[in-house]
Amino acid sequence: MAAAALITGCAGQGPAPAPGTTAPPPPATTAVPGTGPVPGGVTEAQAAQLCTDLEGQLQSWRTYTPTIGKTGLNGLVGTWIAKNNLNALDFLQDRARIDVITTAACPDIRQQAITALEIPDLASGLIGF
């Protein structure tokens with residue numbers, strides 16, 4: 001895998017510049033911010049929305065019992081899936097995707113939610129949408 005990353009990282013690069021010269025700047029990318037994929041198969045914008053939604057509930061989850069908080073987590077994730085027109089069945093079959101997404105996009109918020117809900121990971125708090 002490391003070799004693939006190295007090869008991929010070098011792909012598209014031309015020969016090294018002659019001694020005493022500088023390399024030309026890399027080509028501009030056409031990616032639109034917020035639309036690229038993140039681990040878990042969602043866009044950056046979708047991941048950011050999930051993180052914002054989670055962050056908005058942290059205080060409530062700290063205040064109420066973990067059982068009530070887990071109900072809120074399920075509602076939040078279900079609503080997020082619906083708003084983003086994602087396949088709920090995929091998330092039901094692989095609840096750990098929520099952890100993958102939040103670990104990549106907002107690890108601090110994820111950890112605060114886990115602590116507030118007293119669960120080992122977000123997938124443990126998801127029982128259905």
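One disulfide is present in this structure, which is a predicted model. The bond joins Cys51 and Cys106, whose sulfur atoms are 2.0 Å apart. About the S-S bond of this pair the torsion is about -85 degrees, so the disulfide is left-handed. Cys51 belongs to helix H2, which covers residues 44-63, while Cys106 sits in the loop between helix H5 (96-105) and helix H6 (107-117); the disulfide therefore ties together parts that are 55 residues apart in sequence. Cys51 and Cys106 are both buried.

Helix H2, which carries Cys51, also packs against another helix, H3, made of residues 66-83. The axes of H2 and H3 come within 10 Å, and they cross at roughly 160 degrees. An angle over 145 degrees counts as roughly antiparallel, which means that H2 is roughly antiparallel to H3. The crossing of the two helices is right-handed.

The residues that make this contact can be picked out on each helix. From H2 they are Gln46, Gln49, Leu50, Asp53, Leu54, Gln57 and Trp61. From H3 they are Gly69, Gly72, Leu73, Leu76, Trp80 and Lys83. Sorted by class, the contact of H2 with H3 has six nonpolar residues, five polar ones and two charged ones. Leucines such as Leu50 of H2 and Leu73 of H3 take part in the contact, and leucine counts as nonpolar. Asp53 of H2 and Lys83 of H3 also take part, and their residue types count as charged.

Definitions and conventions. Residues numbered from 1 in each chain as written. Predicted model: local features only at pLDDT ≥ 70, side-chain atom pairs only at ≥ 80, totals over all residues. Heavy atoms only, no water. Disulfide = S-S within 2.5 Å. Helix = DSSP H or I, 4+ residues; strand = E, 2+ residues; numbered from the N terminus. Buried < 20%, exposed > 50% of the residue type's maximum accessible area, 1.4 Å probe, protein only. Axes fitted to C-alpha atoms, helices over the stretch in contact; angles between N-to-C directions. Parallel < 35°, antiparallel > 145°, perpendicular 65-115°, else oblique. Left-handed = near helix turned anticlockwise from the far one by under 90°. Contact = heavy atoms within 4.5 Å.
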